[in-house]
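Reader: I'm new to reading structures, and I keep tripping over the labels. Could we go through a few of them together?

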Amino acid sequence: PLFAELKEGLKGLLDRILGSGKRPDTSILHRPYPVEAQRRFALELLSACGYDLEAGRLDPTAHPFEIAIGPGDVRITTRYYEDFFNAGIFGTLHEMGHALYEQGLPKEHWGTPRGDAVSLGVHESQSRTWENLVGRSLGFWERFFPRAREVFASLGDVSLEDFHFAVNAVEPSLIRVEADEVTYNLHILVRLELELALFRGELSPEDLPEAWAEKYRDHLGVAPKDYKDGVMQDVHWAGGLFGYFPTYTLGNLYAAQFFQKAEAELGPLEPRFARGEFQPFLDWTRARIHAASCAWASRINHRLCCGVNWFIRPCLRVWPIRIGLWHHRSCSGDARLALEVPLLPTDARIDLCNGNRVSRHVNKIVALRRGALNGFSHGWQHFEEHRWISKWRKHAAHGCVCFRGALRVVRRDR
């Protein structure tokens, strides 16, 4: 139900935007941007937003990621293109969001469940918050665009308004990690539908490339010319991470309501961002999200933070008004489209295939985890007595248990 309703709302919103006739000049993002200048600028953004560079570092890579080695060592990577601004800068902000979460987990509990992130969805909420809700806001660029013009000569003739419009462009594309906020979840939906078809036996792996292209034509109106920009663009399936992609959309939904709650308690955040005041928001996330770590299940963390059980108006409503300002003035209706969708917690023990329940062993994992948290020494003894649980928990965290047939794979792996 979540993805079905979200798909309907997203495609309707996308049609309205594309039908508005408003288009930014995105060519300004494809001018020369020297890699070294991007790296220096990215480091300035990291420092200003609160990422501890004494306890981490930024390096180039082919596919961006964040990795927590341990307390005091949380590293991030990004990729740069000489002729494209967004990939390096917004990729850095995305991975920074992950890293800020890891740097905010209780260090005194490192190595135990209490010191672990609660779920992939909540983790993703932090990266999407900093990449989009913060990093693409007007207030953020009111602060940093003057510096960007100093660093990048290519921006010398570009106004703040044109730049902000360009980095918030909405346009169907082929690459998930470079997609805009409106179309991003349609990229996820393509992958989810293909995964379900694979595990239901409705699609064979050799037919996956063509099925991928067909889904993209149907959902986004574009199709890849090769595997690189198509079915092989992500690393997840090659690593066995089936069921992982939906956590990105769940992260977007979490992010929307967390950000809304932060503004309700702290007041409007964009004026703070424009003044370079990111610490109050970071402190709020540290206290309300990071410090909670794995003490409670995702849905309980969400309820304790936001005071509600459900996302009444998810990301389609609380995406920054910038999308409405740029695209929707010529469209009918409210720029911030309201769509009522119930929250699906990332750690809910739900089988997305026909609603079948997941194996009883997954519930045993959850019970053991809660035992370790509520009565630590007793619970940890249970973890030690059942070492095989670690493999189960690993697969559960990756989301494999969401699909029919995955449990048989895990059992063989045990």
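Author: Sure! Start with a term: a nonpolar core is a set of buried Ala, Val, Leu, Ile, Met, Phe, Trp, Tyr and Cys residues joined through side-chain atoms within 4.5 Å. Keep in mind that this is a predicted model.

Reader: What makes Phe41, Phe85 and Trp141 worth picking out of the largest nonpolar core?

Author: They touch the most other members of that core, which has 55 residues. Helix 3 supplies the largest share, 9 residues. Another core lies apart from it, with 34 residues, among them Leu6 and Ile188.

Reader: How do you know whether Phe41 is buried or exposed?

Author: Buried means under 20% relative accessible area. Phe41 has 0%, so it's buried. Trp141 is also at 0%, so Trp141 counts as buried too.

Reader: Why is the pair of Phe41 and Trp141 called stacked?

Author: Two cut-offs matter here: ring centres within 6.5 Å make a pair, and planes under 30 degrees apart count as stacked. Phe41 and Trp141 are 6.3 Å apart centre to centre, with 25° between the planes, so the label fits. Phe41 sits in helix 2 and Trp141 in helix 5, so the pair ties together parts that are 100 residues apart in sequence.

Reader: And what makes the pair of Phe140 and Trp141 edge-to-face?

Author: Here the cut-off is over 60 degrees between the planes. The planes of Phe140 and Trp141 are at 80°, and their centres are 5.2 Å apart, so this pair is edge-to-face.

Reader: How do you know that Arg128 lies over the face of Tyr184?

Author: For Arg, CZ has to be within 6 Å of the ring centre and within 35 degrees of the ring normal. Arg128 is at 3.8 Å from the ring centre of Tyr184 and is listed as lying over its face. Arg176 lies over the face of Tyr248 in turn, at 4.7 Å from the ring centre.

Reader: Now the sheet. Why are strand 1 and strand 2 said to stand at the edges?

Author: The 3 strands form an open sheet in the order 1-3-2. Strand 1 and strand 2 each have a single partner strand, so one side of each is left without a neighbour in the sheet.

Reader: What makes strand 2 and strand 3 a pair?

Author: Two strands pair if there are at least two bridges between them. Strand 2 and strand 3 have 4 bridges, in the antiparallel sense, so they qualify.

Methods
Residues are numbered from 1 along each chain as its sequence is written. This is a predicted model: local features need pLDDT of at least 70, side-chain atom pairs count only at pLDDT 80 or more; totals for chains, interfaces and linings use all residues. Side-chain values use heavy atoms; hydrogens and water are left out. Rings of Phe, Tyr and Trp (its six-membered ring) pair if their centres lie within 6.5 Å; planes under 30 degrees apart count as stacked, over 60 as edge-to-face and the rest as tilted. Helices (H or I, at least four residues) and strands (E, at least two) are DSSP runs, numbered from the N terminus. Buried means under 20% relative accessible area, exposed over 50%, partly exposed in between (1.4 Å probe, protein chains only).
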